[in-house]
Amino acid sequence: MLAGSLAGATLALAGCSSTSTSTPATRAMAAGAATAGASPAARPTTPATAFARLMDGNARWVSGNLQHPDRDPDRRRLVAQHQEPFASVLSCIDSRVPPELLFDTGLGDLYVMRTGGQAVDPVITGSVEYGPMTSDTPLVVVLGHQRCGAVKAAYQSLRDGKPLPGNLQAIVRALRPAYEQAVKEGGADPVETMARAQAKLTATGLRSNADLAPLVRKGSLAVVGAYYSLDTGKVEVLTGAPS
């Protein structure tokens, strides 16, 4: 799982180079397309407005009143030469947790990194940094979720002292702090406690990252820890919501 996630992150970085090639022509094209209806609203430029856009989209996902924005050939042509995603989401590889769907966003709206249990390493951290540091992306969301298989496997491995095969053990090592936090907190469902702890600890780590922390202090970036319910479709904010 981790190897696939790292490869996905590397490919994402390779395809992101157009972000820095903004020209008056591409910006004029974007403005014209937005006027013509290719984009439902202007790109959020502050942590609060980006967060509100995501949560409004999640509310539509929960209710089923979806807009499916930014998902047509006009949008594809618009972002072909230039992209300005308004948020970055680090989520799990779980097939039931696709950020673009559960936040009702579309093409060019989000940077997305997906790893088992939101496990991070330097490549993933660099991928998260890419948006805020190169595109002024104002929001990062670390999204844990209900019944996370990676978290459950890591919990059982650490509890029983039985390493997982291959590179799966790298996920176990990355999730050890969340496991220790869950053991300390206790509770009826330690795996769910661990999943929430992992999202919060990862968000805290990114928030205090040497490169991201200055942006957070300046108020141009928020790093939010959140938790997704498979049963309801709702995203619950755990920590770091911008005011």
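A residue counts as buried here when its relative accessible area is under 20%. By that cut-off S88 is buried, because its relative accessible area is 0%. Keep in mind that we're looking at a predicted model.

**The whole chain**

Let's step back for a moment. The protein has 243 residues, and 47% of them are buried. Its secondary structure adds up to 10 helices and five strands. Of the contacts with a separation of 6 or more, 72% link residues 24 or more positions apart. The accessible surface comes to about 11300 Å², with carbon and sulfur atoms holding 56% of that.

**The sheet**

The five strands form an open sheet in the order β2-β1-β3-β4-β5, and the pairing is mixed. At the edges stand β2 and β5 (235-239), each with a single partner strand, so one side of each has no neighbour in the sheet. On average, neighbouring strands are turned by 25 degrees against each other, direction ignored.

Two helices are worth picking out against this sheet. Helix α9 (residues 190-207) packs on it and touches β1, β3, β4 and β5, with a direction at about 170 degrees to that of β4. Helix α3 (residues 47-63) lies across β1, β2, β3, β4 (222-228) and β5, and runs at about 35 degrees to β3.

**Strand β1 and S88**

Back to S88, which sits in strand β1 (residues 87-91). How many of the five residues of β1 are buried? Five of the five are, so the strand is largely enclosed by the rest of the structure. A87, V89 and S91 point one way from β1, while S88 and L90 point the other way.

On one side, β1 runs parallel to strand β2 (residues 110-114), and five bridges join the two. There are four bridges between β1 and strand β3 (residues 139-145), and this pair is parallel as well. L90 is a handy marker for both pairings: its bridge partner in β2 is M113, and in β3 L90 stands opposite V142.

What does S88 touch, leaving out residues up to four places away in sequence? The list is Y111, M113, V128, G131, P132, T137, L139, V140 and V141. Among these contacts of S88 is M113, the residue already met as the bridge partner of L90.

**Three buried loop residues**

Some loop residues are buried too. Here are three of them, with where they sit and how accessible they are.

| Residue | Loop | Relative accessibility |
|---|---|---|
| P98 | between β1 and α5 (99-102) | 17% |
| D70 | between α3 and α4 (73-79) | 5% |
| D104 | between α5 and β2 | 2% |

P98 counts as buried because its 17% falls under the 20% cut-off. Its C-alpha atom is separated by 9.0 Å from that of R114, although the two residues are 16 apart along the chain.

The two aspartates call for a look at the backbone. Most residues other than glycine have a negative phi. D70, however, has a positive phi near 60 degrees, and the phi of D104 is positive too, near 50 degrees. Are these two buried or exposed? D70 is buried at 5%, and D104 is buried at 2%.

Methods. Residues numbered from 1 in each chain as written. Predicted model: local features only at pLDDT ≥ 70, side-chain atom pairs only at ≥ 80, totals over all residues. Heavy atoms only, no water. Buried < 20%, exposed > 50% of the residue type's maximum accessible area, 1.4 Å probe, protein only. Contact = heavy atoms within 4.5 Å. Areas by Shrake-Rupley, 256 points an atom, 1.4 Å probe, with all protein chains shown as cover. Pairing = 2+ DSSP bridges. Axes fitted to C-alpha atoms, helices over the stretch in contact; angles between N-to-C directions.
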